[in-house]
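Trainee: Please take a close look at the empty space inside this model. I would like the cavities and pockets described, and then the parts of the chain around them.

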Amino acid sequence: MAGARSRNFAGWPLFANSFRPFFLLAAVQAGLSILAWLPMFYGELSVTSAFAPRDWHVHEMLYGFLPAVITGFLFTAIPNWTGRLPIQGTSLGALLVVWLAGRVAVTLSVEVGWAFALVVDAAFLALVVAAATREIIAGGNWRNLPVVILVLVLLAGNVGFHLEAHHAGAADVSIRVGIGVVVLLIALIGGRIIPSFTRNWLVKFNPGRLPVPFGRFDGAVIGLSALALISWIVAPLNVITGAVMALVGVLHLVRLARWAGDRTSRERLLLILHVGYVFVPLGFLLHALAVFGALPPSAGIHAWMAGAAGTMTLAVMTRASLGHTGQALTASPATQGIYVAIVAAALARVAAVVWPAHGDALLHIAACGWVVAFLGFAIAFGPLLAGSNRRALAIMGVPAPAR
């Protein structure tokens with residue numbers, strides 16, 4: 001891995017690194033969107049979007065919130081991959097404005113027009129792909145180009161979402177495209193950082209059995225996952241799709257078992273990565289059951305989105321926010337509360353599909369857990385991301401380092 005170059009940044013610390021504004025505003029948007037979605041779901045609130053209420057909710061999670069987190073992670077990681085300078089200051093602020101403009105355009109698309117909303121919304125991921133490709137090529141870091149290719153597919157899915165929703169009345173295939181990309185990104189990136197972080201911590205604090213590093217088995221599982229997800233996108237309820245989904249789910253469980261997650265219970269900042277990844281194989285297995293009529297198809301979708309995506313984003317956001325601001329890599333009481341809330345939300349959201357008789361109560365539990373987790377992150381980590389380390393550490397219950 002190349003060592004990142006750095007330069008002094010004299011402006012507002014919020015714009016010193018890409019993870020700062022994107023993690024913070026993504027968390028705020030994720031929490032507020034669900035606060036709005038629950039009354040929309042029950043017909044008590046409406047927005048001036050050209051999307052149907054369900055499509056607005058899905059889009060803002062899949063193509064609004066998650067791309068912001070991905071961008072914050074990607075442009076923090078790329079300088080480490082390539083040794084080039086990070087995107088910061090005015091360039092970073094301009095990218096953030098484009099993302100915010102997309103959120104406004106989508107929500108007000110009845111007023112501004114669906115085509116205008118498409119262009120404004122798609123411009124963000126287009127800029128991300130262009131900038132990331134430029135940095136990776138300039139740094140000669142071809143190993144990580146597949147990540148950018150997946151983001152390019154996510155861009156295509158977003159464009160397809162707008163077109164499908166306008167011409168067909170509701171999005172369908174483009175939703176599965178986006179979810180498939182997110183699952184592959186978690187499998188690819190998680191498969192590199194989880195065993196790496198686990199190994200580093202175990203060597204220092206709990207010597208013994210170590211995780212198996214990324215190798216041919218991991219590559220094969222990701223390849224089979226891609227085939228399973230393509231089959232699901234094209235024919236979600238096909239018997240072959242179900243069989244491949246079941247196989248891939250088992251392989252991901254084997255993969256997870258190789259990472260020694262059972263030895264990380266002493267450090268919740270690390271344990272949550274393993275817990276979050278559990279929802280990846282769970283989603284595959286629930287989809288397999290849906291193909292054979294045992295469950296509704298949405299059970300697997302929520303395992304992937306509320307479970308894998310929700311938990312893994314918070315796991316990465318908390319760890320990166322601490323690590324890249326020079327704080328100790330340990331989970332404070334506030335951080336652990338965030339983890340409990342998101343795991344409870346994910347389990348309740350899947351359970352609401354599995355046990356529809358208790359669906360309303362479980363849906364409210366899921367929504368509350370999600371809002372507490374993401375707005376809790378914004379409250380606890382916001383001062384740290386904006387530059388006030390001492391205030392942030394006080395909020396999180398961590399003593400400030402001595403001067």
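Mentor: The model is predicted, and the values below are computed from it. I start with the enclosed spaces, move to the open ones, and end with some helices and side chains.

There are 2 cavities of 30 Å³ or more. The largest has a volume of about 280 Å³. Its lining consists of 16 residues, and those nearest the centre are I70, L185, I186, I189 and T313. Three helices, α2 (53-82), α7 (173-205) and α11 (298-323), each supply at least two residues of that lining. Of the contributors to the largest cavity, α7 gives the most, with 6 residues. By class the lining has 14 nonpolar residues, 2 polar ones and no charged ones.

The second largest cavity holds about 30 Å³ of space. F75, I78, P79, L85, P86, I87 and E135 line it. Here α2 gives the most, with 3 residues. The lining of this second largest cavity divides into 6 nonpolar residues, no polar residues and 1 charged residue.

Next come the pockets. About 1,100 Å³ of space lies in the largest one. Its lining counts 47 residues, of which F73, W81, I189, R192 and I193 lie nearest the centre. Two or more residues of this lining come from each of α1 (19-41), α2, α6 (145-168), α7, α8 (216-234) and α11. The helix that gives the most to the largest pocket is α7, with 14 residues. I189 is thus among the residues nearest the centre of the largest cavity and also among those nearest the centre of the largest pocket. The classes in the lining of the largest pocket are 32 nonpolar, 11 polar and 4 charged.

The second largest pocket has a volume of about 880 Å³. It is lined by 37 residues, and the closest to its centre are H57, V58, I301, H302 and R349. At least two residues of the lining are supplied by each of α1, α2, α7, α10, α11, α12 and α13 (359-386). The largest share, 7 residues, comes from α2. By class, this second lining has 27 nonpolar, 5 polar and 5 charged residues.

One of the helices lining the second largest pocket is α10, and several details can be given for this helix. α10 covers residues 268-291, 24 in number, and reaches 35 Å from its first C-alpha to its last, close to the 34 Å expected at 1.5 Å a residue. Of those 24 residues, 17 are buried, so α10 is largely enclosed by the rest of the structure. At the N-terminal end, E267 acts as a cap: one of its side-chain oxygens lies 3.0 Å from the backbone nitrogen of L269. After α10 comes G293, which has a positive phi, near 80 degrees.

Further along the chain, S332 is found in the loop between α11 and α12 (333-354). S332 has a relative accessibility of 5% and therefore counts as buried. Its side chain makes a polar contact of 3.1 Å with the side chain of T335.

That leaves the aromatic side chains. The model has 15 aromatic pairs. One of them is formed by F22 and F124, which are tilted, with 5.7 Å from centre to centre and 45 degrees between the planes. This pair links distant parts of the chain: F22 belongs to helix α1 and F124 to helix α5 (residues 114-139), 102 residues apart. F22 and F124 are both buried.

W370 and F374 make another pair, with ring centres 4.5 Å apart and planes at 35 degrees, so this pair is tilted as well. W370 and F374 lie 4 residues apart in helix α13, and are therefore separated by about one helical turn. W370 has a relative accessible area of 8% and is buried. F374 counts as buried too, because its relative accessibility is 0%. Elsewhere, W37, F41 and Y42 form one aromatic cluster.

To return to your request, α7 gives the most to the lining of the largest cavity and the most to that of the largest pocket. For the second largest cavity the helix that gives the most is α2, and α2 also provides the largest share of the second largest pocket's lining.

Technical notes:
Residues numbered from 1 in each chain as written. Predicted model: local features only at pLDDT ≥ 70, side-chain atom pairs only at ≥ 80, totals over all residues. Heavy atoms only, no water. 1 Å grid on protein atoms, 1.4 Å probe; cavity = no way out; pocket = protein on both sides within 12 Å on 5 of 7 lines; lining within 4 Å. Points joined across faces, edges and corners; volume = space filled by probe spheres on them. Nonpolar A, V, L, I, M, F, W, Y, C, P; charged D, E, K, R; others polar. Buried < 20%, exposed > 50% of the residue type's maximum accessible area, 1.4 Å probe, protein only. Polar contact = N/O pair within 3.5 Å; in protein donor to acceptor, adjacent residues only side chain to side chain. Expected span 1.5 Å × (residues − 1). Phe/Tyr/Trp six-rings, centres within 6.5 Å; stacked < 30°, edge-to-face > 60°.
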